[in-house]
Amino acid sequence: MNTPLHLWLIPLLPLAGFALNSILGRGLPRWLVTTIGLLAPLGALIVVLNAARGLIGYGAGLPALPYVETCPNPWIALGSLRIDFTLALDQLTLVMLLVVTGVGFLIHVYSVGYMKDDPGYARYFSYLNLFLFFMTTLVLAGNLLLMFVGWEGVGLASYLLIGFWFTKKSAADAGKKAFIVNRIGDFGFLIGIFLLLSNFGTLSFANLSALVAANPAWTGGVFTIICLCLFIGATGKSAQLPLYIWLPDAMEGPTPVSALIHAATMVTAGVYMIARTHFLFDRAPIALLIVAIVGAATALFAATMGLLQNDIKRVLAYSTISQLGYMFLACGVAAYSAAIFHLMTHAFFKALLFLAAGSVIHAMGGEQDMRKMGGLRKKLPVTFWTMTIAVFAIAGFPPFAGFFSKDAILYYAFQQGMNGKILYGVGLLTALLTSFYMFRLWYMTFFGETRSHDAHPHESPWSMLGPLSILAVLSICGGWIGYGEGLGRFGEYLAPATGKLPEIAATPHLELILSIVAVLIALEGLLIADKYYRRKPERPAKVAAAMPGVYSLVSNKYYVDELYGAVLVKPLLFLSRYLLGWVVDLGIAGGVAWLLAGLANFGGAILQRWQSGNIRSYAAWLAAGAAVVLLFAMTISAGGWAQSLQIILKAMGR
Amino acid sequence: MDLLNQSVPLSWFLLLSAALFALGIVGFLLKRNIITVFLSIELMLNAVNLSFVTFAHQWHAVKGQIFVFFVMMVAAAEAAVGLAIIIAIFRARGTLAIDRIDLMKR
Amino acid sequence: MHVILFAVFAVFCLAGAINLLVQTHPINSALSLIVVMTSLAVLYLLLGAEFLAAAQVIVYSGAVMVLFTFVIMLLNAGREERTLGSRVARVIGLPAVVAILAVVATVILHTQGLGGAAMSQGFTTTEELSTVLFHELLLPFEVTSVLILIAILGAVALARVEGSSADDAERTGQ
């Protein structure tokens with residue numbers, strides 16, 4: 001007997017939480033707001049766990065995957081176009097849902113402690129629940145249009161949460177920047193949707209995948225264009241080149257928001273989307289190559305920028321962009337399961353990194369500059385140990401989670417012929433840089449002497465430390481599931497959803513050799529960071545002085561924001577101010593209004609002179625009117641309307 | 001003695017009536033004193049009366065003459081009320097010139 | 001002889017009307033109008049309307065014009081000053097008058113079937129008139145009397161002086 005899974009509860013519970021907290025939140029007592037805010041994601045998590053109980057062996061009575069729930073009334077039914085509200089659960093969706101609701105719930109719990117003193121408490125939780133609603137919709141969507149609804153919605157939630165402290169101008173600006181840059185990507189996504197619709201007539205994943213599978217000869221051409229358009233959307237949402245600029249600025253939002261949205265879940269939506277539509281990408285090898293190149297380039301580029309940042313959250317932001325680049329690299333070499341695996345492990349350790357950073361910031365009374373931190377190891381023990389685990393995980397040390405996933409990506413990249421070797425090299429270099437700047441962060445924050453004498457660091461409450469601990473455990477053992485040939489049990493599980501991993505030429509011990517190389521690289525990064533930031537802390541300054549040009553270029557993020565500003569923003573502003581503002585708005589619209597008013601005025605002025613109050617002119621007009629009537633009467637009686645007009649016209653002409 | 005049988009063409013009466021009417025209009029267009037304007041209106045009424053009587057004669061219809069009778073009655077009533085108004089205006093404005101009796105701002 | 005009578009009194013009419021226009025003092029205009037009305041009475045006689053001729057003299061020139069004269073004298077209206085005439089009245093009004101006159105004259109001159117007026121064609125007797133008036137048109141007749149009543153009331157109300165000693169006397173007398 002198959003029990004229904006009630007997938008619709010997963011998005012709707014957070015939506016209810018959003019509605020309640022946003023409408024009633026201000027008036028409710030804080031404990032009630034917290035309860036509503038936590039119950040909603042907890043409820044969603046419970047439904048997901050119920051659906052996932054087959055993974056741990058209690059799968060009796062679970063319906064088989066893929067499991068689909070459709071609303072009986074279609075969303076759009078116009079002629080041949082039919083789009084339904086379909087929620088579809090397959091292995092990929094289940095993994096994503098576990099990550100989203102699991103990590104999401106932990107971050108909700110963390111927020112209770114972090115946002116304790118904030119006056120916008122209820123608003124925060126309502127936005128967080130809103131985000132969860134849209135994200136689960138995105139993940140559960142059974143067709144591209146519903147996914148797009150979720151896609152846009154998470155962008156909206158991101159805007160609201162980045163600009164949460166909207167009274168601060170930088171925060172409000174960051175929110176706007178995020179939304180606008182996302183929109184540019186969404187434009188590409190929409191074009192992709194339109195092309196898909198016009199070429200295949202359907203947007204449902206199941207139908208599209210069946211259609212494509214039934215025609216093995218279809219490749220290239222229109223697929224390439226569609227996939228590139230979809231990829232543009234992914235670059236916007238997942239902060240790849242050239243649309244990554246919003247993510248560092250998004251750190252203006254509260255730290256739990258950065259953890260949830262800009263590390264674990266929203267930015268991974270692009271990766272998820274590509275994995276979901278992998279059957280299209282498989283038919284467009286050129287598009288895949290571009291995806292891989294962009295991913296690798298972004299990974300390296302962002303890693304270089306993370307080297308010199310001083311704000312702890314900015315380092316983590318660039319690190320996120322870099323790791324996302326890895327995931328796209330994996331997609332680009334058609335190892336979709338590897339990308340999802342890295343997505344999962346990254347969610348664990350990146351969320352942990354952000355939350356721990358939040359704990360540090362909270363302890364330092366709001367200070368985010370690492371140059372003012374130091375020696376926190378003894379004062380914040382739990383934070384220190386959890387963050388250490390996360391740093392080792394992201395650097396790729398075994399047996400932590402990051403090692404398995406990063407390794408798998410590099411391995412599959414290496415297999416892809418000549419291009420693959422280059423991509424592998426780039427990935428390896430990025431791994432070195434990642435290890436270096438993460439340990440730099442570690443050393444600067446926790447070791448050495450306290451550089452700030454105003455702060456009184458104290459350990460955070462258990463509402464914050466609890467999620468940290470749980471995530472730390474996950475960061476340790478989260479990768480073990482992918483151990484083994486072809487990503488082990490993880491890859492096996494995902495294969496029906498994301499396709500088989502690429503065939504590997506069985507070179508003996510290649511994987512082992514590559515793993516050892518990766519670990520050595522990570523170790524090298526640790527040692528360099530140790531030298532520069534623990535043993536000889538004066539060295540970095542000397543190196544910076546030796547290469548002033550390069551140093552300033554990198555520490556100013558290659559002036560990309562300034563470049564965009566000059567090339568794109570300024571001309572647009574100019575155009576809108578002068579062309580649209582003056583010409584269209586003032587000139588045309590204002591001119592038309594002025595003209596109409598002028599006509600009315602003019603007409604009125606003319607007619608006004610008739611009402612002069614002069615009785616004699618009235619009398620004259622009376623006489624004139626009588627004359628006209630008489631003329632008409634005479635000519636009409638002489639023969640008809642038309643003839644009378646003719647007679648008058650002739651008389652006037654003469 | 002064909003005297004009694006000589007007839008005046010009715011068109012002459014009508015032309016006279018038209019001329020009197022036109023002169024009446026000229027009067028109310030050009031005269032400045034209210035009372036004189038009123039007199040011109042009376043002139044117009046009389047001209048119309050003449051044409052009514054003329055047509056009554058042509059068609060041998062007594063009703064034409066009765067209509068003239070009614071016109072006279074109405075003219076009398078109108079004269080009474082109109083003159084009362086003129087008196088009231090004179091009291092209020094102190095002048096009988098129609099150009100000066102207007103409250104509408106130009 | 002008919003024609004001579006007509007000619008003479010038509011000339012009187014026209015002369016009186018033109019005089020009305022030409023004179024500057026309203027009393028002169030009123031007196032000219034009396035001349036016009038009396039001449040018209042004779043013309044009515046020529047057309048066989050004896051009762052109307054009498055009514056014209058008695059009612060119109062005898063009562064209405066007298067009323068006019070009273071008012072002129074009461075208000076002590078002086079000579080008309082020469083002032084700026086209304087330009088509109090001249091520019092639009094006079095051509096209109098000419099047009100009206102032309103139209104009507106054209107129609108009259110082109111109409112066939114108009115007869116002539118001769119003494120031998122008989123009069124309309126008062127008896128005939130009153131038969132129609134009191135039989136078929138009784139209602140309009142009665143209504144006219146109501147109209148005149150209203151006119152009287154209106155005239156009295158309009159011409160009354162507000163707050164005059166006559167009023168005070170009335171009020172204190174009550």
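## Chain B: make-up and confidence

Three helices and one strand form the secondary structure of chain B. Read from the N terminus, these elements follow the order β-α-α-α. The model is a predicted one, and the mean pLDDT of chain B is 87, with 92% of its residues at 70 or more. Among the elements of this chain, helix 2 of chain B has the highest mean pLDDT, at 93, and strand 1 of chain B the lowest, at 82. Where pLDDT is low, predicted coordinates should not be read in detail.

Chain B has 106 residues, and buried residues make up 54% of them. Of the contacts in chain B between residues at least 6 apart in sequence, 49% join residues at least 24 apart.

## Chain C: make-up

Chain C contains seven helices and one strand, in the sequence order α-α-α-α-β-α-α-α. The strand of chain C thus has four helices written ahead of it and three after it in that pattern.

Of the 174 residues in chain C, 29% are buried. Contacts between residues at least 24 apart account for 58% of those in chain C that join residues at least 6 apart in sequence.

## The contact between chains B and C

Chain B contributes 61 residues to this contact and chain C contributes 71 residues. On the side of chain B that touches chain C, at least two residues each come from strand 1 (7-9), helix 1 (10-30), helix 2 (34-59) and helix 3 (62-93) of chain B. Helix 3 of chain B gives the most, with 22 residues. By class, this side of chain B holds 45 nonpolar, twelve polar and four charged residues.

Strands also link the two chains. Strand 1 of chain B and strand 1 of chain C (residues 116-118) run antiparallel and are joined by three bridges. Within this pairing, Pro9(B) stands opposite Gly116(C).

## The contact between chains B and A

In this contact, nine residues of chain B meet nine residues of chain A. The side of chain B that touches chain A has six nonpolar and three charged residues, and no polar ones.

## Chain A: make-up

Chain A has 26 helices and four strands. Its length is 654 residues, of which 48% count as buried. Among contacts in chain A with a sequence separation of 6 or more, 80% are between residues 24 or more positions apart.

## Strands 1 and 4 of chain A

Strand 1 (residues 67-70) of chain A pairs with strand 4 of chain A in the antiparallel sense, over four bridges. In this pair, Val68(A) stands opposite Ala88(A) of strand 4.

Strand 4 of chain A covers residues 86-89. Thr86(A) and Ala88(A) point to one side of strand 4, while Leu87(A) and Leu89(A) point the other way. All four of these residues are buried.

## Tyr121 of chain A

Tyr121(A) lies in helix 4 (residues 121-140) of chain A. Tyr121(A) counts as buried because 20 C-beta neighbours lie inside 10 Å, and 20 is the number at which a residue is classed as buried.

Leaving aside residues up to four places away in sequence, Tyr121(A) touches Arg30(A), Val33(A) and Met115(A). Ser111(A) is ten residues from Tyr121(A) in sequence, and their C-alpha atoms are 9.4 Å apart.

## Helix 18 of chain A

Helix 18 of chain A comprises 30 residues, 417-446. At 1.5 Å a residue the expected span is 44 Å, and the end C-alpha atoms are 43 Å apart, which agrees.

Of the 30 residues in helix 18, 21 are buried, so the helix is largely enclosed by the rest of the structure. Gly448(A) follows helix 18 and has a positive phi, near 75°.

## Helix 20 of chain A

Helix 20 of chain A spans residues 488-498, and its buried residues are Phe490(A), Gly491(A), Leu494(A), Ala497(A) and Thr498(A). Viewed down the axis of helix 20, these residues fall within an arc of 105°, so they line one face of the helix. An α-helix has 3.6 residues a turn, so residues three or four places apart point the same way.

The buried residues of helix 20 pack against four helices of chain A: helix 3 (91-114), helix 11 (269-276), helix 12 (278-281) and helix 15 (336-363). Just after helix 20, Gly499(A) takes a positive phi of about 85°.

Conventions. Residues numbered from 1 in each chain as written. Chains lettered and ligands numbered in written order. Predicted model: local features only at pLDDT ≥ 70, side-chain atom pairs only at ≥ 80, totals over all residues. Contact = placed C-beta atoms within 7 Å. Nonpolar A, V, L, I, M, F, W, Y, C, P; charged D, E, K, R; others polar. Pairing = 2+ DSSP bridges. Expected span 1.5 Å × (residues − 1). Buried ≥ 20, exposed ≤ 12 C-beta atoms within 10 Å, placed from the backbone. pLDDT = per-residue confidence, 0-100. Arc of directions from axis to C-beta.
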